[in-house]
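Subject: Structure handover

Hi,

Here is the structure I promised to pass on. Please open it alongside this email, as my notes come straight after it.

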Amino acid sequence: MKKRGVAILGSTGSIGRQALDVLRQHPDLFSLELIVANNSADLLIEQALEFDANNVVICNESLYAKVAETLQPRMIKVFAGMQSVCDLVGSSDIDIVLTSMVGFSGLRSTVAAIEAGKTIALANKETLVAAGELVMRLAAEHNVQILPVDSEHSAIFQCLMGSAGNEIAKLHLTASGGPFRTWEKSRIADALASDALKHPNWSMGSKITIDSATMMNKGFEVIEAKWLFGVEPEKINVVVHPESVIHSMVEYADGAVIAQLGCPDMREPIQFALTFPLRMNLSNRKLDFASLRSLTFEAPDLDRFPALALSYEALKGGGNLACVMNAANEVAVAAFLKGRIRFYDIPEVISKCMASVTHIAKPSFEDIYNTNDEAVRLAESMIW
């Protein structure tokens, strides 16, 4: 495989750190051209020095001096602010951009990378949730490949590699069920952020872990699946699979189901996106089938986890409705993490915003950015 120049947008987060471990295992395959962080200046400096990154961006401009005074003497170029990210992703030295920034903030840089013709390894859910139709159209216009990094979408992508062009009958997205899978609704209602952050299988950032607890994360993945694979919502099924061994499945017209299995380790889908179409060695835990006592499945409970239903509602409503849902969720999750609202206030805030923000049937990118701002303001007014 020809050596690939990599940009990691969100290098200090969970996905970014695991991506760097992949690069650490394959120094002959990748060069680190750009890393980006929002606030984690110390870790960003450490990463830049270890990998001799070509360019570094700290989005929080107040931290620029701290990063620059350490890295510039080492001939590492340092920049600040999101506009710098958008400018740098177009570098001719970059072949693939891993978009792993958290939240709506990842949309602008992903759009810039697509417009520059870069292959996208997509780990930022909110990009397709908020602007899926626009982003996929833009990628087609620029002949850009979007490779999914989410374990569920990577699984579907891998299953489809053997489809031989046959039409999909159904996609089955698996969900762990999160930390509250076995809890009664009354107990969930009193849950604290510390309870919601105890995911049984995956080690993730705080925002996505809360999204997993509400099952909004799975709702996001339903929306992503629609845009990534061109499948209508009624053909996208969510099934709770507590063991997190089967990462997702594709069902065909004859009833045959192809599944992708693996240990719950994000490095595998990250590496597959970075090396696609090749599969390379990876130092990670492998499945031991003899030790698997059982694989269990159950339907999601929409009464205990109403956020999942909101995603199907957003798809049905179309236009900018999913953008409203995403923006309200970001605000509500941040408030829950700070102890300002209760667990079930999260879907309540989202639902009220979806009913109130101006609906636009055919939004432009500018409409999406404005919608996000409007929904954020409305959600904040409900909480603060």
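Below is what I found, going from helix packing to open and closed spaces and then to single residues. Please keep in mind that this is a predicted model.

**Packing around α14**

Start with helix α14, residues 321-337. Three of its helix contacts are described here.

The first partner is α6, residues 125-141. The two axes come within 7 Å and cross at roughly 140 degrees. The cut-off for roughly antiparallel is over 145 degrees. α6 and α14 are therefore oblique to each other. On the α6 side, Glu126, Val129 and Ala130 make the contact. On the α14 side, the residues are Ala322, Cys323, Met325, Asn326 and Glu330. By class, that contact has five nonpolar, one polar and two charged residues.

Next comes α13, residues 307-317. How closely do the axes of α13 and α14 come, and at what angle do they cross? They come within 7 Å and cross at roughly 150 degrees. That makes α13 roughly antiparallel to α14. Leu310, Ser311, Glu313, Ala314 and Gly317 of α13 meet Leu321, Ala322 and Met325 of α14. The contact of α13 with α14 has five nonpolar, two polar and one charged residues. Ala322 and Met325 also appear in the α6 contact.

The third partner is α10, residues 206-214. Its axis and that of α14 come within 10 Å and cross at roughly 100 degrees. α10 is thus roughly perpendicular to α14. From α10, the contact uses Ser206, Lys207, Ile210 and Asp211. From α14, it uses Asn329, Glu330, Val333, Phe336 and Leu337. The classes here are four nonpolar, two polar and three charged. Glu330 is also in the contact with α6.

One residue of α16 belongs with this group. Asn372 lies in that helix, residues 365-383. Asn372 is buried, with a relative accessible area of 8%. Its contacts are Phe104, Cys323 and Ala327, leaving out residues up to four places away in sequence.

**A buried helix**

Now look at α7, residues 151-160. How many of its ten residues are buried? Ten of the ten are, so α7 is largely enclosed by the rest of the structure. The buried residues include polar and charged names such as Ser151, Glu152, His153 and Gln158. Ile156, Phe157, Cys159 and Leu160 are also among them. The cover over α7 includes strands β7 (146-148), β8 (168-175), β10 (246-252) and β11 (257-261). It also includes helices α11 (216-229) and α12 (267-275).

Val250 shows this packing from the strand side. Val250 is found in β10. Val250 is buried, at a relative accessible area of 0%. Not counting residues up to four places away in sequence, Val250 touches Ile156, Cys159 and Leu160, among others. Its other contacts include Ile168, Lys170, Leu171, Val257 and Ile258. Val250 and Ser11 are 239 residues apart in sequence and 31 Å apart in space, C-alpha to C-alpha.

**Pocket and cavity**

The second largest pocket has a volume of about 320 Å³. It is lined by 20 residues. Glu133, Trp227, Gly318, Gly319 and Pro363 lie nearest its centre. Which helix gives the largest share of the lining? That is α6, with eight residues. α6, α11 and α13 each supply at least two. The lining divides into 13 nonpolar, three polar and four charged residues.

A search of the whole structure finds one cavity of 30 Å³ or more. The largest cavity has a volume of about 40 Å³. Its lining includes Gly177, Arg181, Met215, Val240 and Glu298. Ala299, Pro300, Asp301, Arg304 and Phe305 line it too. By class, the lining has five nonpolar, one polar and four charged residues.

**One more strand residue**

Leu98 sits in strand β5, residues 96-99. At 1% relative accessibility, Leu98 counts as buried. Leu98 touches Ala7, Ile8, Leu9, Ile15, Ala19, Ala121, Ala123 and Val149, again leaving out residues up to four places away in sequence. Leu98 and Val149 are 51 residues apart along the chain. Their C-alpha atoms are separated by 8.6 Å.

Best wishes

Methods. Residues numbered from 1 in each chain as written. Predicted model: local features only at pLDDT ≥ 70, side-chain atom pairs only at ≥ 80, totals over all residues. Heavy atoms only, no water. Axes fitted to C-alpha atoms, helices over the stretch in contact; angles between N-to-C directions. Helix = DSSP H or I, 4+ residues; strand = E, 2+ residues; numbered from the N terminus. Parallel < 35°, antiparallel > 145°, perpendicular 65-115°, else oblique. Contact = heavy atoms within 4.5 Å. Buried < 20%, exposed > 50% of the residue type's maximum accessible area, 1.4 Å probe, protein only. 1 Å grid on protein atoms, 1.4 Å probe; cavity = no way out; pocket = protein on both sides within 12 Å on 5 of 7 lines; lining within 4 Å. Points joined across faces, edges and corners; volume = space filled by probe spheres on them.
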